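This briefing covers helix packing, aromatic contacts and charged pairs in one protein chain. Please have the sequence and the model open while reading.

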Amino acid sequence: MRNKAVVLFLSLVLFAGSAGAVERKAVDFSLSNWDGAKAALADFKGKTAVLTFSYSNCSVRCPIITGRLSSIDAAMGAPKDVVYLHISVDPKADTPERRRKYFSLYGIDASKDNRWLFLSGKEKQLSGLWSAYGVTAKKVKDRKLPEGYYIDYFQKVLVIDRDGLVRYEGGPDFSEDEVKTLIGNLAGKPSIRFSETFFDFGFVKEGDVVSHDFEFTNEGSGTLVIKDLIPA
């Protein structure tokens, strides 16, 4: 019996990420940017979105987060297909002008670089969004601060892929290396190359078990994830 059937054995290393790696549908929203333009998460389909929560009067933790994101962006060469979305946790004080000036503290001109957005809306709308992302925000009075208060909330940094899936979620101590690597993988595309695409077993006896290993390489810059195999 002449048999040209092949058996394909694949040894795969799938991208599992770190403890911050997740994969779930991101909660959409429709808010106003500092310039008054409406923005929804769905508007950025096809791009990678880095989502965080902040407020313009924040003097400690928010600047650290935004500064680290700015450093990540600079290290990646300011890719055009990556957007940074800040969502307000202090809508009453986060006026459009204050939100615009917030970015200028980090050398970011949001009027020229439209990849940086500081979004806000009505408190009822925002509180529902905070809850959906597991964020609680509470105003705490503190006379030692120039503003007389601070917002007590748990900061988060999320990376949302081009299809609207949350692929990473970290806290204030998020890993810059993991975020950079993930953004690079999401921006890139995998390219699979087989060392051979056909193997002839020649003549085999009925009942014999034969096999052959096909080797392949991912030559692209994106992570290759194989979810299913369909025999020809």
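E97 has a relative accessible area of 38%, so this residue counts as partly exposed. The model is a predicted one. The points below start from the salt bridge that E97 makes and move on to the helix around it, the aromatic side chains and the remaining charged pairs.

**The E97 salt bridge**
- E97 and R100 are joined through their side chains by a salt bridge, with an N to O distance of 2.6 Å.
- The two residues lie three apart in helix α2, which means that about one helical turn separates E97 from R100.
- R100, the partner, is also partly exposed, because its relative accessible area is 29%, between the limits of 20% and 50%.

**Helix α2 and its buried face**
- Helix α2 spans residues 96-104, and R99, Y102 and F103 are buried in it.
- Viewed down the axis of α2, these buried residues fall within an arc of 90°, so they line one face of the helix.
- The elements packed against by the buried residues of α2 are the strands β2 (30-32), β4 (48-54), β5 (82-88) and β6 (116-119), together with helix α1 (61-75).

**Y102**
- Y102 belongs to helix α2.
- Its relative accessible area is 2%, so Y102 is buried, the cut-off being under 20%.
- Leaving aside residues up to four places away in sequence, Y102 touches S54, Y55, S56, C62, P63, T66, H86 and F118.
- One of these contacts, Y55, is 47 residues from Y102 in sequence, while the C-alpha atoms of Y102 and Y55 are 8.5 Å apart in space.

**Aromatic side chains**
- The model contains nine aromatic pairs.
- In the pair Y84 and W116, the ring centres are 4.1 Å apart and the planes meet at 10°, so the two rings are stacked; planes under 30 degrees apart count as such.
- This pair links distant parts of the chain, since Y84 is in strand β5 and W116 is in strand β6, 32 residues apart.
- Y84 and W116 are both buried.
- One aromatic cluster is formed by Y84, Y102, F103, Y106, W116 and F118.
- Two of its members, Y102 and F103, are among the buried residues of helix α2.

**Charges over rings**
- R68 lies over the face of F174, 4.0 Å from the centre of the ring.
- K139 has its charged end over the ring of Y149, at 4.4 Å from the ring centre.

**Other salt bridges**
- Side chains of opposite charge can pair when their charged atoms come close.
- The structure has nine salt bridges.
- D161 pairs with R167 in a salt bridge whose closest N and O atoms are 3.3 Å apart, and both D161 and R167 are buried.
- D177 and K180 meet through their side chains in another salt bridge, at 4.0 Å from N to O.
- D177 and K180 are three residues apart in helix α4 (residues 176-187), so about one helical turn lies between them.
- D177 counts as exposed because its relative accessibility is 54%, whereas K180 counts as partly exposed at 29%.
- R24, K156 and E169 are joined into one network by salt bridges that share partners.

Note on methods: Residues numbered from 1 in each chain as written. Predicted model: local features only at pLDDT ≥ 70, side-chain atom pairs only at ≥ 80, totals over all residues. Heavy atoms only, no water. Buried < 20%, exposed > 50% of the residue type's maximum accessible area, 1.4 Å probe, protein only. Helix = DSSP H or I, 4+ residues; strand = E, 2+ residues; numbered from the N terminus. Arc of directions from axis to C-beta. Contact = heavy atoms within 4.5 Å. Phe/Tyr/Trp six-rings, centres within 6.5 Å; stacked < 30°, edge-to-face > 60°. Lys NZ or Arg CZ within 6 Å of the ring centre and 35° of its normal.
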